[in-house]
Amino acid sequence: MVAGDEETRVLFRGLLRLHHFRVDGEAEGVTQAIGLVGVHRPSLLLVDANLAEGTAAALIAQARKAVPGIRTILVAPASHPPAQSPDPTQNADALLLRPFRIRQFAEALSAPGPNVPPGPP
């Protein structure tokens, strides 16, 4: 998980553990996060829009290069939702706008990743 603010990382850590996800690493910016992604090769990357260094779009693109098929969730304030990039590798698989409900967080966690076809209708 990546967030520039310690309080946000604490919140994310708790929510992930509540939903039975193991947290392998925490970072506050792109450089630190990419190092952790290379070491741990996670299947899921939770990214806050407010990073200490770099942008969420750049982080998502670099993480996908390092770990093809990684699922990404971007959390952003509802007052400043991120624009979709014309480069789909920079867009998250799920966008969660703050404030959110725990049910919305759980739905974002279970959303299919970039290489997972949707289930039957």
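Is R22 buried or exposed? With a relative accessibility of 68%, R22 counts as exposed, because the cut-off for that label is over 50%. Keep in mind that you're looking at a predicted model. We'll come back to R22, but let's start with the sheet.

**The sheet and its helices**

Strands pair up through backbone hydrogen bonds, and they can do it in a parallel or an antiparallel way. Here you have an open sheet made of three strands, in the order β1-β2-β3, and the pairing is parallel. At the edges sit β1 (44-48) and β3 (94-98), each of which pairs on one side only. Going from one strand to the next, the twist averages 20 degrees.

Now zoom in on β2, which covers residues 71-77: five bridges join β2 to β3, in the parallel sense. If you want a spot to look at, find A76, which stands opposite L97 in β3.

Two helices pack on this sheet. Helix α1 (residues 6-18) touches β1 and β2, and its direction makes about 145 degrees with that of β1. Helix α3 (residues 56-66) also touches β1 and β2, and the angle between its direction and that of β1 is about 165 degrees.

**Charged pairs**

Side chains with opposite charges can pair when their charged atoms come close. Search the whole structure and you'll find eight salt bridges. Here are three of them, with the distance between the closest N and O atoms:

| Salt bridge | Closest N and O atoms |
|---|---|
| E6 and R9 | 2.6 Å |
| E26 and R9 | 4.0 Å |
| R22 and D24 | 2.7 Å |

Where do E6 and R9 sit relative to each other in helix α1? They're three residues apart, so about one helical turn separates them. Their surroundings are worth a look too: E6 counts as partly exposed, at 41% relative accessibility, while R9 counts as buried, at 9%.

R9 also has a salt bridge with E26. E26 lies in the loop between α1 and α2 (30-40), whereas R9 belongs to helix α1, so this pair ties together parts that are 17 residues apart in sequence. E26 itself is partly exposed, with a relative accessible area of 24%. Put R13 into the picture as well, and you get a network of salt bridges linking E6, R9, R13 and E26.

And R22? Its salt bridge partner is D24. R22 is exposed, at 68% relative accessibility, and D24 is partly exposed, at 32%.

**The largest pocket**

Rolling a probe the size of a water molecule over the atoms shows where empty space is left. How much space lies in the largest pocket? About 310 Å³. This pocket is lined by 17 residues, and the closest to its centre are M1, R22, D24, P42 and L44. So R22 and D24 turn up here as well as in the salt bridge they form with each other.

Which elements give two or more residues to the lining of the largest pocket? Those are α2 and β1. The largest share comes from α2, with four residues. As for β1, you've already met it as an edge strand of the sheet.

How values were computed
Residues numbered from 1 in each chain as written. Predicted model: local features only at pLDDT ≥ 70, side-chain atom pairs only at ≥ 80, totals over all residues. Heavy atoms only, no water. Pairing = 2+ DSSP bridges. Axes fitted to C-alpha atoms, helices over the stretch in contact; angles between N-to-C directions. Contact = heavy atoms within 4.5 Å. Salt bridge = Lys/Arg side-chain N within 4 Å of Asp/Glu carboxyl O. Buried < 20%, exposed > 50% of the residue type's maximum accessible area, 1.4 Å probe, protein only. 1 Å grid on protein atoms, 1.4 Å probe; cavity = no way out; pocket = protein on both sides within 12 Å on 5 of 7 lines; lining within 4 Å. Points joined across faces, edges and corners; volume = space filled by probe spheres on them.
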